[in-house]
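Welcome! Please take a moment with the sequence and the 3D view before reading on.

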Amino acid sequence: MVEFHATTICAAKRPNGDICIGGDGQVTMGESTIMKNGAKKVKKIYHDRVLTGFAGSVADAFALTDKFENKLKEHDGNLKRAAVDLAQLWRKDQASRSLEALMIVADKDDLLVISGNGEVIVPDKDVVAIGSGGNYAYSAAQALFDNTDLDAESIVRKSLQIASSICVYTNDHISVEKL
């Protein structure tokens, strides 16, 4: 079986409501083949009021993003309720359970990670990162968040650039979305 490595997604939210999510563009197959350099794995949904980013299987992530947007519609844009419903569906539904991806979702109030284990995680701090280079991006974002006055977009971009210089599954073709 061919294994596709995840990407790197990073998000930051400043107390003033400044929020940004970004991701690199690399899609890697196996251990040594870069299939694509400019994939976009972050987007705005639900009337441009919610940001999403995914790591994992691209097809699975698209399916989960569609399911999440439907849950947002069911709950009139309530991010937490939609995230919990999606996590429950992901855990319980036979077809959804086999989907392999992680998602970061955010709106003006909340920043969440949704996992395929049915977990909705509210990070301790207003930075989070997932994917192959997630630990590198998270470490950089945490340091920048705590020790600079950089805005959310600058934190995300710099963190992803740092991750791309360390992680072979992360590149510097960075795309960002912000609210």
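The report below starts with the whole chain and then moves to its sheets, its helices and one serine.

## The chain as a whole

What you see is a predicted model. The protein chain holds five helices and twelve strands. Its C-alpha trace spans about 45 × 40 × 25 Å along the principal axes. A compact globule of 179 residues would have a radius of gyration near 16 Å, and the protein chain has 15 Å, so the two agree.

Of the 179 residues, 51% count as buried. Among contacts with a separation of 6 or more, 60% come from residues 24 or more positions apart. The surface that the protein chain exposes is about 8,700 Å², with carbon and sulfur atoms supplying 47% of it.

## The five-stranded sheet

Let us follow one open sheet from side to side: its five strands come in the order E6-E7-E8-E9-E10, with antiparallel pairing. Strand E6 (42–45) and strand E10 (120–121) are at the edges with a single partner strand each, so one side of each has no neighbour in the sheet.

Further in, strand E7 (residues 50–56) and strand E8 (residues 101–106) run antiparallel and are joined by six bridges. Here Phe54 stands opposite Met103 in E8.

Two helices accompany this sheet. Helix H1 (residues 58–74) lies across E6, E7, E8 and strand E9 (111–114), at about 150 degrees to E7. Helix H2 (residues 79–92) lies across E7, E8, E9 and E10, and runs at about 5 degrees to E9.

## The four-stranded sheet

Another open sheet has four strands in the order E11-E2-E3-E12, again with antiparallel pairing. Strand E11 (127–131) and strand E12 (175–178) are its edge strands, each pairing on one side only. On average, neighbouring strands of this sheet are turned by 15 degrees against each other, direction ignored.

Strand E2 (residues 8–13) and strand E3 (residues 19–23) run antiparallel, and five bridges join them. Ala11 has Ile21 in E3 as its bridge partner. Helix H4 (residues 134–147) packs on the sheet, where it touches E2 and E11, and its direction makes about 170 degrees with that of E11. Helix H5 lies across E2, E3 and E12, running at about 155 degrees to E2.

## A look at Ser164

Which residues does Ser164 touch, leaving aside those up to four places away in sequence? They are Thr170, Asn171 and Asp172. Ser164 itself lies in helix H5 (residues 152–164), and its side chain reaches the backbone oxygen of Gln161 at 2.8 Å.

How values were computed:
Residues are numbered from 1 along each chain as its sequence is written. This is a predicted model: local features need pLDDT of at least 70, side-chain atom pairs count only at pLDDT 80 or more; totals for chains, interfaces and linings use all residues. Side-chain values use heavy atoms; hydrogens and water are left out. Two strands pair if DSSP finds at least two bridges between them. Contact means heavy atoms within 4.5 Å. Axes are lines fitted to C-alpha atoms, for helices over the stretch in contact, and angles run from 0 to 180 degrees between N-to-C directions. The radius of gyration is taken over C-alpha atoms; the globule rule is 2.2 Å times the number of residues to the power 0.38. Buried means under 20% relative accessible area, exposed over 50%, partly exposed in between (1.4 Å probe, protein chains only). Accessible areas come from the Shrake-Rupley method with a 1.4 Å probe; for residues, only the protein chains shown count as cover. A polar contact is a pair of N or O atoms within 3.5 Å; within protein, one must be able to donate a hydrogen and the other to accept it, and residues adjacent in sequence count only if both atoms are side-chain atoms.
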